[in-house]
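Q: Hey, could you walk me through the empty spaces in this one? I'm new to it.

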Amino acid sequence: MRQLLLIILLLPFTTPAQSFLVKNVNIVTLSTENPILSNQSILVENGKIQSIGSNLEVEADSIIEGAGKYVLPGLAEMHSHIPNAENGDFSFLEDVMWLYLANGVTTIRGMIGHPSHLELKERIKSGQMMGPRIFAAGPSLNGNSVESPQHGRQLVHEQADAGYDHLKIHPRLSMEKFIAIAETAKEKNIMIGGHVPLDVGLENVILNGFHSVEHLDGYLEAMLPHEDYKNSEKAGPFSMNFSQDADLSKLPELVKLTRENNVAVAPTMTLFEHFFGYLPASELKERAEMKYLPKDQIVKWAEQKQRLEDDGILAEEKVKPFLSLRDQILMELYEADVLILLSSDSPQVFNVPGFATHREIKSMKNAGMKAVDILKSGSKNVAQYFNQDTFGEIVVGKDADFLIVRDNPLEKLETLEELEGLFVGGNYIDRERIQSELDRIEEKNK
């Protein structure tokens, strides 16, 4: 293997077969005992971390001079709505994958499945397309798509056999349908999670095999002294109108139940701040990152939110107590060591892929989470959730799946918004390539 004499900071897109030596970097370990390993070098070969040390003298095809920058594991978007490839056209999907990568998101969990997502997953895995590692959900299991308990069992078999990684539960499932799905999921050894159907309730989904609760759904309803939440006109979105009725004395027991059953939580804080928050659509649609999505999509989102505004649903006096309660629920789960998963819900109303991940990080910080635990929620926790040992940390033997940033993210989380480079799928992508792809997507959507 020849040694290249050229040492460069910005390396063009390369292939998995190459070897790389990343020199003079500080590694964020995500451990409390020794959070930073200073002045390290990392040898990457065939997409894997081959060695790490302070005095590595090894040959490599390409050398990246880190110059004291910081390296940390790639981030995850654990509640993504991957667009579908209509009629075999993957061009928009390719743009969305680049938006994730450009923001340091190297793993995504799709939450409403489609057969094209299985093809997308294989295209990325085989190197035909650049993109994050994908865990794909099957098509939604809800009160409309599941006709009977027996039909629910059939759908679980079909989705598991098709190769989906997990099942997504949506509203309006009866208890009988849900139990049939949950029991079959255990038989097929496929993960299950999602919304908490109102006729099932939080306790029942936790005790019957949910792996993750999305949106902090079900916690408010489980604390209410009445069942008016089943009346959508009275309750508002996610029972928002009843947030001040919650009996908070019930929360510790719900948190304990979650922890004891090893159920993870994907809070999607920023979705609620954007879609169901009191910031007006007229302001959100002007945010800088909106330029990376088609204009007609932004218009649709604005119309969706504007309807809620016009109906008085998003009045500040209604929304503030609801958002405050969500912060409180998140923090009690976090302080009880429930597994928290970084999840913004994107692309979704005013949540642009990748960019929304950074807004979610700010929301988690504002709620009270520590920086190291926020970073874990998008890396180490994700590997733990999927019971995978190939990613989530910068350790010899794991995938080369990491970000290079200028400053210490434990002290300045905002540094994640300006990547110097990243490794994903055995490839190194530099800042120049990232900006080139962003410029291309922006121009496409003018």
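**Pockets and cavities**

A: Let's start with the largest pocket, which has a volume of about 1000 Å³. On a 1 Å grid over the protein atoms alone, a pocket is an open set of points with protein on both sides within 12 Å along at least five of seven lines, and lining residues have an atom within 4 Å of a point. The model is predicted, so local features need pLDDT of at least 70 and side-chain atom pairs count only at pLDDT 80 or more, while totals for chains, interfaces and linings use all residues. Residues are numbered from 1 along each chain as its sequence is written, and side-chain values use heavy atoms, with hydrogens and water left out.

Q: Which residues lie nearest the centre of the largest pocket?
A: Lys121, Arg133, Ile134, Phe135 and Gln388, out of 46 that line it.

Q: And which element gives the largest share of that lining?
A: That's α2, with five residues. Helices are DSSP runs of H or I with at least four residues, strands are runs of E with at least two, and both are numbered from the N terminus.

Q: What about the second largest pocket, what's its volume?
A: About 760 Å³. It is lined by 30 residues, and Pro171, Arg172, His195, Pro237 and Phe238 lie nearest its centre.

Q: Okay, switching to closed spaces. How many cavities of 30 Å³ or more does a search of the whole structure find?
A: Two. A cavity is a set of grid points where a 1.4 Å probe fits but cannot get out. The largest cavity holds about 90 Å³ of space, and the second largest about 50 Å³.

Q: Which element gives the most to the lining of the largest cavity?
A: Helix α12, with four residues. The lining includes Phe322, Leu325, Arg326 and Ile329.

Q: And what lines the second largest cavity?
A: His358, Ile361, Lys362, Lys365, Leu413, Glu414 and Glu417.

Q: Back to α12. At what angle do α8 and α12 pack?
A: About 50 degrees, with their axes 9 Å apart; α8 covers residues 251-260 and α12 residues 316-335. Axes are lines fitted to C-alpha atoms over the stretch in contact, and angles run from 0 to 180 degrees between N-to-C directions. The two helices are therefore oblique to each other, oblique being what's left once under 35 degrees is roughly parallel, over 145 roughly antiparallel and 65 to 115 roughly perpendicular.

Q: Which residues make the contact?
A: Leu251, Pro252, Val255 and Thr258 of α8, with Gln328, Ile329, Glu332 and Leu333 of α12. Contact means heavy atoms within 4.5 Å.

Terms used:
Grid points are joined across faces, edges and corners, and a volume is the space filled by probe spheres set on the points.
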